[in-house]
Amino acid sequence: MKKIVIAIDGYSACGKSSTAKGVASVLGYTYIDSGAMYRAVTLYFDRNHVSITNTQEVKKALENIDITFIVNDKTGLNETYLNGLNVEDEIRKMYISKQVSQVSMIKEVRVEMVSQQQKLGKKKGVVMDGRDIGTVVFPDAELKLFMDADIYVRAGRRQQELLDKGQMIGLEEIMENLKERDRIDTTRKESPLVKAEDATIVDTTFRTLEEQIEEVVNLALSKILDGDSTQLELEKE
Ligand code: CDP
């Protein structure tokens, strides 16, 4: 069956990653979390005291950053590695969330990440989520989604996710972080978060994760089967 690229963009913590993971698992596709890459760069900058206003320092740092995704045997899910170290938990912490949007504004950072993301999706059969996937990384993606949800619902879900990882953070602090990231992400000069013209809006406020996954899988299947009837006929024979 034909393989497609599914691009999921949207505001912070509106269910993009959970939906993308579920859809990838149903379709047997690879899930790529582009936000994890920006978070890993942020972690490197933080650890190495890289001044984000110094272009030379930023460029040099980028040369020393190697980000990979390796499947965890137990969960079957991709985990993020920075220079060979598993940073999957560290990059989700609040101190990274508070700096990541400033780092993601930097042109040099974006150019490098976008190039790596395009390589990862070259063979298709991928679900990638982020802020500029349908507009910049894969403008030709067969299926583009733009996700949103009520800010209180988003903050509550993020609070629960952090709690599950042992981090107790107040709702106000989370909400402020989500709003601030959305503000920076939508107003930055370099590839701001904006709905691609041909993206379908998915509002997850009143949906369960299962409903979201089902809706996206159905949209994906209609794209996969679109114009593929000859192949289906052949497969039936
Ligand atoms: O999971 P959550 O919605 O909190 O965010 P994320 O997907 O982990 O992304 C973290 C941050 O990385 C975003 O707030 C953006 O500043 C940046 N990002 C980006 O600029 N472009 C992307 N394609 C993905 C993330």
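This report describes the ligand site and an antiparallel sheet in a predicted model.

## Ligand site

The ligand occupies the largest pocket of the model. Its shell comprises 19 residues, and the closest of these are Ala-13, Arg-39, Arg-158, Asp-185 and Arg-188. Sorted by class, the shell contains nine charged, six polar and four nonpolar residues.

Three helices each contribute at least two residues to the shell around the ligand: α2 (34-47), α5 (100-104) and α9 (171-187). The largest share is that of α2, which supplies four residues.

## Polar contacts and coverage

Polar side-chain atoms approach both nitrogen and oxygen atoms of the ligand. For Ser-34, a polar side-chain atom is found 3.0 Å from a ligand nitrogen atom. In the side chain of Ser-101, an N or O atom lies 3.0 Å from an oxygen atom of the ligand. Arg-188, which is listed among the closest residues, places a polar side-chain atom 2.8 Å from an oxygen atom of the ligand. Taken on its own, the ligand has 530 Å² of accessible area, of which the protein covers 98%.

These contacts can be set beside the helix ranges. Ser-34 falls at the start of the range given for α2 (34-47), and Ser-101 falls within the range given for α5 (100-104). Arg-188 has a number just after the range of α9 (171-187), whereas Asp-185, another of the closest residues, has a number inside that range.

## Antiparallel sheet

An open sheet is built from three strands in the order β3-β4-β5, with antiparallel pairing. Its edge strands are β3 (67-71) and β5 (85-86), each of which pairs on one side only.

Strand β4 covers residues 78-82 and is joined to β3 by five bridges, the two strands running antiparallel. Within this pairing, Ile-67 stands opposite Leu-82 of β4, and Ile-70 has Glu-79 of β4 as its bridge partner.

## Hairpin connection

The hairpin of β3 and β4 has six residues between its strands. In this hairpin, Gly-76 adopts a positive phi near 75 degrees.

How values were computed
Residues numbered from 1 in each chain as written. Predicted model: local features only at pLDDT ≥ 70, side-chain atom pairs only at ≥ 80, totals over all residues. Heavy atoms only, no water. Pairing = 2+ DSSP bridges. Near = heavy atom within 4 Å. Polar contact = N/O pair within 3.5 Å; in protein donor to acceptor, adjacent residues only side chain to side chain. Areas by Shrake-Rupley, 256 points an atom, 1.4 Å probe, with all protein chains shown as cover. 1 Å grid on protein atoms, 1.4 Å probe; cavity = no way out; pocket = protein on both sides within 12 Å on 5 of 7 lines; lining within 4 Å. Sits in = over half its atoms within 2 Å of the grid points. Nonpolar A, V, L, I, M, F, W, Y, C, P; charged D, E, K, R; others polar.
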